Amino acid sequence: MRWINTKAHNSWLETEADRIFEFGRRAVIPTGFGWLSNTGKIREEMGTQLWITARMLHVYSLAALMGRPGAYELVEHGINALAGPLKDKIYGGWYATVSDSAVIDASKQGYQHCFVLLGAASAVMTGHPKAKTLLAEAIDIIEKYFWNEEEQMCLESWDEQFTKTEEYRGGNANMHAVEAFLIVYDVTKDKKWLDRALRITSVIIHHFAKNNHYRVNEHFDSNWQPIIDYNKEQPASHFRAYGGTPGHWIEWGRLILHLRETLISIGAEAPEWLLEDAEKLFAAGIRDAWSVDGAPGFVYSVDWDGKPVVRERIRWVVVEAIGTAYALYAVTSDKQYEEYYQRFWDYCRTYLMDYEGCSWWQELDANNEVSNKVWDGKQDIYHLMHCLIIPRLPLTPGLAPALAQGLLDHNMK
């Protein structure tokens with residue numbers, strides 16, 4: 001039974017993408033894109049968060065490139081939000097959270113700025129006249145404050161004035177830096193972005209994770225030494241969960257394959273370990289997290305022996321697993337990855353897809369019932385677009401550049 005690259009399956013993905021694109025339109029607010037609740041209403045108490053607005057700019061850039069009426073207007077809305085209420089016009093960069101009338105969190109977060117970089121690069125591919133300026137500004141801030149030339153890695157955060165940086169170093173921010181750097185390379189053709197992506201990957205994955213049974217450590221001190229017990233008392237942290245987050249291991253696998261294919265496409269050296277590490281990261285995620293506690297689904301986090309810590313099933317984890325299973329199948333033609341791809345989709349349809357309400361549930365408990373222990377609401381549609389669009393594209397160039405080149409359904413049979 002074949003699904004990947006077939007007309008029937010891709011047609012289904014297209015239909016579901018339209019449903020999710022329409023759901024995401026509900027997030028539009030004057031200051032950007034808001035945090036949506038489980039019923040699709042704006043959660044005003046959450047303010048306007050930079051990471052959501054930047055990710056939605058990326059998403060609707062994809063929608064515009066896919067010919068969705070009204071999407072270009074949302075690209076403009078996102079750009080205007082990043083040029084207006086979310087932008088720090090005094091010290092530079094972008095605020096973490098704002099409201100209609102005030103700045104709620106003035107800190108400058110690396111994770112969030114990486115999404116500004118991604119959103120801006122994707123918007124450039126739509127041809128929006130303001131997108132190149134936004135990308136230039138984002139690159140400037142990344143260069144000045146977040147890419148650390150001495151460490152050859154990204155810093156985690158700064159205060160409002162960019163005078164004090166955090167001692168903590170984060171694997172999550174660096175992973176999303178790799179994601180953004182790949183698209184920036186596609187847009188600018190400046191190879192330093194690929195070199196930086198490879199450097200980050202070599203440190204976090206090929207050095208630390210490989211020597212830890214491919215359980216990816218995301219918490220480091222300023223000398224890039226792992227902090228093993230970080231957040232042990234708050235294990236369900238949104239962005240800094242204690243222990244290992246298998247969804248990130250699997251997401252890393254896909255990003256590594258994008259990097260590998262891009263290096264190959266330009267005739268650059270692509271280390272052999274890239275494919276090996278991608279496969280082993282996926283295998284580690286299955287080993288430690290997939291249906292390991294008596295019910296189907298991925299547990300959210302595990303300890304350093306691979307035992308479940310937070311057993312909730314978070315939507316983005318299986319969504320990323322779908323994309324990585326596709327990518328591994330595309331590279332290896334190994335049937336096990338297509339089988340996992342189908343198995344993950346069956347799980348999503350059974351438990352996560354909310355046809356009675358809207359979109360997909362963001363979180364289920366250990367019995368696959370709707371919960372909100374970790375995440376309350378259906379924040380945005382960024383991860384969902386990965387499982388709906390990535391399986392219809394080549395692994396290089398990245399999403400927006402590939403769509404701009406007309407490569408959607410490039411291998412359809």
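In this predicted model, the lining of the second largest cavity is a mix of eight nonpolar, six polar and three charged residues. The space inside comes to about 150 Å³. Its wall is built from 17 residues, and Glu179, Ile183, His258, Gly398 and Leu399 are the ones nearest the centre. Two elements, helix 6 and helix 8 (246-265), each give two or more residues to this lining.

That cavity has company: the count of cavities of 30 Å³ or more comes to four. The largest cavity takes up about 230 Å³. A ring of names helps to find this one in the structure: Arg55, Tyr111, Trp316, Trp375 and His383 sit closest to its centre, out of 23 lining residues. Sorted by class, the lining of the largest cavity holds ten nonpolar, eight polar and five charged residues. Several helices chip in here, with at least two residues each from helix 2 (50-65), helix 6, helix 10 (315-332) and helix 12 (382-389). Helix 12 gives the largest share, three residues.

Next come the pockets, which are open rather than closed off. The largest pocket offers about 270 Å³ of space. Which residues lie nearest the centre of the largest pocket? They are Gln109, Tyr111, Glu156, Phe239 and Arg240, picked from a lining of 20 residues. Tyr111 is a name to notice, as it is listed close to the centre of the largest cavity and turns up again in the list for the largest pocket. The lining of the largest pocket splits into six nonpolar, ten polar and four charged residues. Helix 4 (110-124) and helix 6 (171-188) both supply at least two residues to it, and the largest share, three residues, belongs to helix 6.

The second largest pocket has a volume of about 180 Å³. It is lined by 14 residues, and Ile29, Glu44, Gly47, Thr48 and Asp100 are the closest to its centre. Here the classes read five nonpolar, five polar and four charged.

Thr48, one of the residues by the centre of that second pocket, also leads to the sheet, as strand 3 covers residues 48-49. The sheet is an open one with three strands in the order 3-4-5, paired antiparallel. Strand 3 and strand 5 (103-105) are at the edges with a single partner strand each, so one side of each has no neighbour in the sheet. In general, strands of a sheet are held in pairs by backbone hydrogen bonds, either parallel or antiparallel. Strand 4 (residues 97-98) runs antiparallel to strand 5, and two bridges make up the pairing. For a look at this pairing up close, find threonine 97, which stands opposite aspartate 105 of strand 5.

Last comes the nonpolar core. The largest one gathers 145 residues, with Tyr60 and Phe344 having the most contacts inside it. Helix 10 provides the largest share of this core, eleven residues; this helix also supplies at least two residues to the lining of the largest cavity. What does phenylalanine 344 touch, leaving out residues up to four places away in sequence? Its contacts are Phe282, Ile286, Trp290, Phe298, Val318, Ala321, Ile322 and Ala325.

Terms used. Residues are numbered from 1 along each chain as its sequence is written. This is a predicted model: local features need pLDDT of at least 70, side-chain atom pairs count only at pLDDT 80 or more; totals for chains, interfaces and linings use all residues. Side-chain values use heavy atoms; hydrogens and water are left out. Two strands pair if DSSP finds at least two bridges between them. Helices (H or I, at least four residues) and strands (E, at least two) are DSSP runs, numbered from the N terminus. On a 1 Å grid over the protein atoms alone, a cavity is a set of points where a 1.4 Å probe fits but cannot get out, and a pocket is an open set with protein on both sides within 12 Å along at least five of seven lines; lining residues have an atom within 4 Å of a point. Grid points are joined across faces, edges and corners, and a volume is the space filled by probe spheres set on the points. Ala, Val, Leu, Ile, Met, Phe, Trp, Tyr, Cys and Pro count as nonpolar, Asp, Glu, Lys and Arg as charged, and the others, Gly among them, as polar. A nonpolar core is a set of buried Ala, Val, Leu, Ile, Met, Phe, Trp, Tyr and Cys residues joined through side-chain atoms within 4.5 Å. Buried means under 20% relative accessible area, exposed over 50%, partly exposed in between (1.4 Å probe, protein chains only). Contact means heavy atoms within 4.5 Å.
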